[in-house]
Amino acid sequence: MITSTMMDVPLQVRRLLEHGATIHGGSRVVTATGTGTHEVRFRDIARGAARLAGALAGLGVKPGDRVATFMWNNHRHVEAYFAVPAMGAVLHPLNIRLFPEQIAFIANHATDRVVIVDASLLPGFAKLLPALKSVRHVIVAGQADRAVLDGSGVGVYDYETLLAAQHQTYDWPDVDERSAAAMCYTSGTTGHPKGVVYSHRSIYLHALAEAMPDVFDLSARDLLLTVVPQFHVLAWGLPYAAFATGTSLAMPDRFLTPEPLAAFIEAARPNKGAGVPTVWVGLLEHLEAHPETGVSSLTDLVVGGSAMSETLMRALDARGITGLHAWGMTEMSPLGTFSRPPVDAADEDVDGYRLTQGRFAAPVEARLVGPDGDEVGWDGESVGELQVRGPWITASYFQEGDDEEHFDEGWLRTGDVGSVTPDGYLRLTDRARDVIKSGGEWISSVELEGHLAAHPAVVEAAVVGVPDEKWGERPLATVVVREGASVDVTELREFLATKVAKWQLPERWAVVPEIPKTSVGKFDKKIIRAAYAHDDLNVTTLG
Ligand code: AMP
């Protein structure tokens, strides 16, 4: 064996920062202010990051210490994304939408020492603070009445004042590329949330792969509307990919409802975007009612976090926007697959490919494992649990190890069920726990939801398995009916009967004002099941 002659330069967040600040120093972070936009350049972000690192060091933050954020998507949050890992500490964006007890559990589990809080979130944070056992310092970003933190026993600082006293350069340490750079917790639909700790190396590699043409296709010519929250898998790693490529970022801050989001798009004119389907569904509804809104700058929207329905894809197509489907997980940094049809796909097959979750991004490896533990072939039909491995996929959970429920001999068990075509396109049929097991057959809740969402009178539909004496489990369909539309569930069932086999048709139906969502905007099926169990739904039984 001979050794290579290549340099062994560590892949560090600090190098991404330096690259973005020098090579793409003029690229922008545009943040929504509610009345307009605020703009800074990457070179300013780098100066801010250096000042923030100086300030944190001054507060006693040491390598490995956890520095949390409690923030929206904005330029200061991007500064923290770089400052904290680059100085050798560990960035921990807290999910501001969780219940206070969950946030406290997560912050205590991670032993966060410092929290940077957006001023607009301070009142809620102040109530939470007494439960955060390890926090010693709170830095408030923006104008706020910091008196709400009086008597809390922690140091309280104003972000800008703290930074103004610091140098605009920082002597970044040469950290091990395998050391911890950032962490996020999984949504934790069962049991406690679990921590995933990303390394400098994993973040760097992920950023490069994510930017590739058959993935997000990012370049210095793009302005990317990053709706996916910075507390959700590091905003899918996009701020790091932006600094690798010079992609400018459009950050909506707290202006996330359809109306201000549409206004922000009009003002900032991003050409690409990334977010969960719910956001785009809401935006399209708004545009329907306000056709004068100018969103013509948008060409590509990445849809991930939940399945992109055919209806959503077609509605985007009708506006000249390409919906690009992506799949991933907190455990995967999150990129797993990205859907762009093969170049030689026949015209009639293109949309089918676009609706799959997509092809695996190098160097993600995948296998399907059947219920008996045997590997399932990639024939586009056979279904199994998806397992993955790769350099940005977690091998264990923070302080919990690699138990057999989640890991299988070096592979991560995703808990997602589906098939893979011979040419490597993943088609998910369900979460393992959401598959409806009816009399020994599996019914895909996702498939039923997709068909229902295609009905013109339906805004959204969620289908869950509920206990059934005869079949073990049967589907319950909950639907949100479009305002002004009139449709009854018998008609919806008949509509569904033209799409799926009779034995898959739900008997139980409920029209609901909205589908409950998790903190990151996915259908919260736990709540629907509980509402059904407690008789809180107005259920009509058909068939
Ligand atoms: P999280 O870690 O909160 O991002 O959740 C990851 C899970 O979201 C995955 O395991 C999938 O069940 C689901 N998910 C993510 N992207 C998609 C997608 N494109 N289609 C269907 N489910 C998805």
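Reader: Which helices and strands each supply at least two residues of the lining of the second largest pocket, and what makes a run of residues a helix or a strand?

Author: The elements are α10 (258-268), α11 (277-289), β25 (458-468), β26 (472-481) and α16 (525-533). Helices are DSSP runs of H or I with at least four residues and strands are runs of E with at least two, both numbered from the N terminus. The model is predicted, so local features need pLDDT of at least 70 and side-chain atom pairs count only at pLDDT 80 or more, while totals for chains, interfaces and linings use all residues. Residues are numbered from 1 along each chain as its sequence is written, and side-chain values use heavy atoms, without hydrogens and water.

Reader: Why is the second largest pocket called a pocket, and what surrounds its centre?

Author: On a 1 Å grid over the protein atoms alone, a pocket is an open set of points with protein on both sides within 12 Å along at least five of seven lines, whereas a cavity is a set where a 1.4 Å probe fits but cannot get out; lining residues have an atom within 4 Å of a point. By that rule, 40 residues line the second largest pocket, and Thr278, Lys517, Thr518, Val520 and Gly521 lie nearest its centre. Its space is about 1,000 Å³, a volume being that filled by probe spheres set on grid points joined across faces, edges and corners. α11 provides the largest share of the lining, 7 residues.

Reader: How do you know which domains take part in the lining of the second largest pocket?

Author: Domain bounds come from an automatic or database domain assignment. Domain 1 (13-328) and domain 2 (436-541) each contribute at least three residues to this lining.

Reader: What makes the ligand's shell polar, nonpolar or charged by class?

Author: Ala, Val, Leu, Ile, Met, Phe, Trp, Tyr, Cys and Pro count as nonpolar, Asp, Glu, Lys and Arg as charged, and the others, Gly among them, as polar. The shell accordingly has 8 polar, 5 nonpolar and 3 charged residues. A residue is near the ligand if one of its heavy atoms lies within 4 Å of it; of the 16 around the ligand, Ala326, Thr330, Asp416, Arg431 and Lys522 come nearest. β14 (322-328) and β22 (425-431) each supply at least two shell residues, and β14 gives the most, with 4.

Reader: Why do Thr330 and Asp416 count as polar contacts of the ligand?

Author: A polar contact is a pair of N or O atoms within 3.5 Å (within protein, one must be able to donate a hydrogen and the other to accept it, and residues adjacent in sequence count only through side-chain atoms on both sides). A polar side-chain atom of Thr330 is 2.6 Å from a ligand oxygen, and a side-chain N or O atom of Asp416 is 2.6 Å from an oxygen atom of the ligand. Ser306 also qualifies, through a backbone N or O atom 3.4 Å from a ligand nitrogen.

Reader: How many cavities of 30 Å³ or more are there, and which residues lie nearest the centre of the largest?

Author: There are 3 such cavities, and the largest holds about 160 Å³. Asn95, Tyr185, Thr186, Ser187 and Phe231 lie nearest its centre, among 16 lining residues. That lining has 9 nonpolar, 7 polar and no charged residues.

Reader: What makes the bond from Ser333 to Pro334 notable?

Author: Most peptide bonds are trans. The Ser333 to Pro334 bond is cis, with omega near 5 degrees.
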